[in-house]
Amino acid sequence: MVKVRLAAPVLQQNEEAARENRISFQKHGIFVLNLMSSPGSGKTSTLERTIEHLAGSLNLAVIEGDIYTTRDAERIEKRGAPVVQINTAGSCHLDARMIKPALEDFDLGKLDLLIIENVGNLVCPAEFDLGEDARAVVLSVTEGSDKPMKYPLIFRQAQVVLINKMDLLPYTDCDLPLLEKELKSINPELELFQISARENTGFSPWLEWLKKQVKIKKQTADQTS
Ligand code: MG
Ligand code: ZN
């Protein structure tokens, strides 16, 4: 008789790895953000600005998810943040098992904040818990205001939406009040921040939100250690 061993379902294996990741983040008091969006919304530019603004006040590291290239990771490295690239070799999302080995490349004891830039995709990244504390979605006004209603899951599970490319708003037919209303109807708890990564505007409320989360995470880690 041939012995057949069935692999645990992908999502179940992912849950276990996510739990292990979460334990190491908690142990070191690191606040971890899963940053998601569709391709071309300005995720990496938003991240570059965020690093620039937080330099000197928080120790931040980045994990870059990309299907094939290292281009985004090179951009992040230029901003002076420690970065680990994960090439998913065709997979259109990151999963928790990819994150675990990447953590060995960081000095976790020295980090306050880890931002994971997911693969550009509004669909399946939402289904994979990486062990993060929060999720933020970058949504640009050039993508059209119908995105939240078409891809509700990613917005339902996020804490923040960064509405990017605000400088281009006059040149689009994006109905901003309607967009915000629909986002809130999907998830009333969402924090909405209007930014322009290109013009470097609107970042303060976002940075304050991040700093607050880092502080809260540190306090809970101190209590449990
Ligand atoms: Mg990118
Ligand atoms: Zn996928």
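This report describes the two metal sites and the two largest pockets of a predicted model.

**The zinc site**

The zinc ion (ligand 2) is held by three protein donors, namely C92 through SG, H93 through ND1 and C124 through SG, which lie 2.0 to 2.2 Å from the ion. Along the chain these donors follow the spacing C-H-x30-C. H93 sits in the loop between strand 3 (83-87) and helix 4 (96-102), while C124 sits in the loop between strand 4 (113-117) and strand 5 (134-140), so this pair ties together parts that are 31 residues apart in sequence. Both H93 and C124 are buried. Since water is not among the atoms of the model, a site described in this way may look incomplete.

**The magnesium site**

The magnesium ion (ligand 1) has T44 (OG1), D72 (OD) and E117 (OE) as its protein donors, at 2.0 to 2.3 Å. The spacing of these donor residues in sequence is T-x27-D-x44-E. Distant parts of the chain are linked by the pair D72, in helix 3, and E117, in strand 4, which are 45 residues apart. As with the zinc pair, both members are buried, D72 as well as E117.

The two sites are set side by side below.

| Metal ion | Protein donors | Distance from the ion | Spacing along the chain |
|---|---|---|---|
| Zinc ion (ligand 2) | C92 (SG), H93 (ND1), C124 (SG) | 2.0 to 2.2 Å | C-H-x30-C |
| Magnesium ion (ligand 1) | T44 (OG1), D72 (OD), E117 (OE) | 2.0 to 2.3 Å | T-x27-D-x44-E |

**The pockets**

The largest pocket holds about 260 Å³ of space, and of the 19 residues that line it, G40, K43, T44, D72 and E117 lie nearest its centre. Helix 2 (43-54), strand 2 (60-66) and helix 3 (71-78) are the elements that each give two or more residues to this lining, and helix 2 gives the most, with three residues. By residue class, the lining of the largest pocket comprises three nonpolar, 10 polar and six charged residues. T44, D72 and E117, named among the residues nearest the centre of this pocket, are also the protein donors of the magnesium ion (ligand 1).

The second largest pocket holds about 150 Å³ of space. Its lining includes I51, L54, A55, G56, L58, N59 and L60, together with R79, G80, A81, P82 and L111. The lining residues of the second largest pocket divide into eight nonpolar, three polar and one charged, whereas those of the largest pocket divide into three nonpolar, 10 polar and six charged.

Definitions and conventions. Residues numbered from 1 in each chain as written. Chains lettered and ligands numbered in written order. Predicted model: local features only at pLDDT ≥ 70, side-chain atom pairs only at ≥ 80, totals over all residues. Heavy atoms only, no water. 1 Å grid on protein atoms, 1.4 Å probe; cavity = no way out; pocket = protein on both sides within 12 Å on 5 of 7 lines; lining within 4 Å. Points joined across faces, edges and corners; volume = space filled by probe spheres on them. Helix = DSSP H or I, 4+ residues; strand = E, 2+ residues; numbered from the N terminus. Nonpolar A, V, L, I, M, F, W, Y, C, P; charged D, E, K, R; others polar. Donors = N, O, S within 2.8 Å, 3.2 Å for Na, K, Ca; no water. Buried < 20%, exposed > 50% of the residue type's maximum accessible area, 1.4 Å probe, protein only.
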